[in-house]
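I opened my notebook to get to know a new structure, one entry at a time. Come along and follow the entries with the model beside you.

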Amino acid sequence: MKTIFVKDIRAGNKIEDNFLVTGKNMAYSQKGAPYLVMKLRDNTGEIEGRVWDNAGEIEKKFRKGDVIRVSCRAVSFKNIIQLSITDVARLESMDFEPSDYLPVSKHDIGEMFSELLAIIETVDSPHLKTLLRNFMADERTAEKFRKVPAAKGLHHVYVVGLLEHTISVTRLIDKMAG
């Protein structure tokens, strides 16, 4: 469970918490020593992290797009807060809540899902209506549908984006058909 967010990090904080990796790059110091530069985010912002020791080993533990648990200290470098990371561990998808790391729809999820279920009931084709009902009746599938973004870029790129996009498209179709 996430306990500290980017917006609350101050120089000197010792941190053990989870962040989404939005970028990572191996670099080399002026002396030729490898270090790892990472971009980490949560739903309040983004912060840079650096691994100075064992960078090669730590770099292999995760990929861009993973949520990781970091052990670090917040430091100020040229008046910018960054994380000096000593260790990381990759989290499994069931170990975190996506809305802690990504933007979330401003609309009520329950209301949107109820609207979608009502729309399904207006479908004329009995086969299509049955398919849609079965799809949404499966709680595991419905839960994922309620949470995922609609795309990787451009529109509805946030938690609940697919549900919001589906509602907006069905409203448009209904308006055009009516």
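**Notebook: strands, then helices**

I started with one pair of residues: V70 has V88 in β5 as its bridge partner. This is a predicted model, so I kept that in mind while reading on.

Entry on β4 and β5. I looked up how these two strands lie beside each other, and they pair in the antiparallel sense over ten bridges. I then checked the link between them and found a hairpin, with two residues between β4 and β5. In that turn I noted K78, which has a positive phi of about 55 degrees.

Entry on β1 and β4. Which strand does β1 join through seven bridges? I found that strand β1, residues 14–28, is joined to strand β4, residues 67–77, and that the two run antiparallel. To place the pairing, I picked out E16, whose bridge partner in β4 is S71.

Entry on β3 and β5. Here I asked myself whether the two strands run parallel or antiparallel. I found that β3 and strand β5, residues 80–90, run parallel and are joined by four bridges. My marker for this pairing is E48, which has Q82 in β5 as its bridge partner.

Entry on β2 and β3. I turned to strand β2, residues 34–42, and saw that it pairs with β3 in the antiparallel sense over seven bridges. I marked L40, since its bridge partner in β3 is I47. I also wrote down that β2 and β3 form a hairpin, with two residues between them.

Entry on cover. How many of the seven residues of β3 are buried? I looked at residues 45–51 and got six, so I noted this strand as mostly covered.

Entry on α2 and α3. I moved to the helices, with α2 at residues 109–120 and α3 at residues 126–137. Their axes come within 10 Å and cross at roughly 155 degrees. Angles over 145 count as roughly antiparallel, and α2 and α3 are therefore roughly antiparallel to each other. I added that the crossing of α2 and α3 is left-handed.

Entry on the helix contact. Which residues meet here? From α2 I listed F113, L116, L117 and I120, and from α3 I listed K129, L132, R133 and M136. I sorted the residues of this contact and got six nonpolar, two charged and no polar.

Technical notes:
Residues numbered from 1 in each chain as written. Predicted model: local features only at pLDDT ≥ 70, side-chain atom pairs only at ≥ 80, totals over all residues. Heavy atoms only, no water. Axes fitted to C-alpha atoms, helices over the stretch in contact; angles between N-to-C directions. Parallel < 35°, antiparallel > 145°, perpendicular 65-115°, else oblique. Left-handed = near helix turned anticlockwise from the far one by under 90°. Contact = heavy atoms within 4.5 Å. Nonpolar A, V, L, I, M, F, W, Y, C, P; charged D, E, K, R; others polar. Buried < 20%, exposed > 50% of the residue type's maximum accessible area, 1.4 Å probe, protein only. Pairing = 2+ DSSP bridges.
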